[in-house]
Amino acid sequence: MEETDGLFNAPGDAMCIPLSRLKGFRANGTTTQLVIELKPMLGYLGGDDTTLVGDSVLLTIDTNKHKEVIHDITAAINSARNIDKPMIVISDDSNSVFASPYITGCANTITAEA
């Protein structure tokens, strides 16, 4: 979440994804970014998921802390499941709340089926 102008009024200011849409994590060739890959929210009609461009969240992280961030996010997911917590925060820039101490920010991309 990020209130870019003090309000949640721009695309991408807030995003909440069901865990069932998580596809995985990947490095993108930089030492300070980690991508969370998701099944698309817009335009997904239950067809062949492999033909669709997915949504993603680009996390800004401390240098070379990819493994630690993945570990912390996975631990937060598992912990939430154990206590029946309905939602976890991965990155809330506006309130400086992060699932890992190594996350410093994020940007998301929501795509529609072409």
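In this predicted model, A99 touches D72, I73, V89 and I90, leaving out residues up to four places away in sequence. A99 also belongs to the largest nonpolar core of the chain. That core has eleven residues. Besides A99, its members are L34, I36, L38, V57, L59, I61, V69, I73, I77 and I103. I73 is thus named both as a core residue and as a contact of A99. Three elements each give two or more residues to this core. They are strand 2 (33-38), strand 3 (55-61) and helix 1 (66-82).

The wider fold is as follows. The chain contains one helix and six strands. Along the sequence, these elements follow the pattern β-β-β-α-β-β-β. The chain has 114 residues, and 25% of them count as buried. Among contacts with a separation of 6 or more, 54% are between residues 24 or more positions apart. The exposed area of the chain is about 7000 Å². Carbon and sulfur atoms supply 54% of that area.

The pairing of the strands at the start of the pattern can be traced in order. Strand 1 (residues 22-27) and strand 2 run antiparallel and are joined by five bridges. Within this pair, R26 stands opposite V35 of strand 2. The two strands form a hairpin with five residues between them. In this hairpin, G29 takes a positive phi near 95 degrees. Strand 2 also pairs with strand 3, again in the antiparallel sense, over six bridges. Here Q33 stands opposite T60 of strand 3.

T60 merits a separate description. This residue lies in strand 3, one of the elements that give two or more residues to the core. T60 itself is not buried: because its relative accessibility is 32%, T60 counts as partly exposed. In a regular strand, side chains alternate between the two faces of the sheet. L59 and I61 are both core residues.

The contacts of T60 reach other parts of the chain. Neighbours within four places in sequence aside, T60 is in contact with T32, Y102, I103, T104 and G105. T60 and Y102 are 42 residues apart in sequence. In space, their C-alpha atoms are 8.6 Å apart. I103, another contact of T60, is listed in the nonpolar core together with A99.

Terms used: Residues numbered from 1 in each chain as written. Predicted model: local features only at pLDDT ≥ 70, side-chain atom pairs only at ≥ 80, totals over all residues. Heavy atoms only, no water. Helix = DSSP H or I, 4+ residues; strand = E, 2+ residues; numbered from the N terminus. Buried < 20%, exposed > 50% of the residue type's maximum accessible area, 1.4 Å probe, protein only. Contact = heavy atoms within 4.5 Å. Areas by Shrake-Rupley, 256 points an atom, 1.4 Å probe, with all protein chains shown as cover. Core = buried A, V, L, I, M, F, W, Y, C linked by side-chain atoms within 4.5 Å. Pairing = 2+ DSSP bridges.
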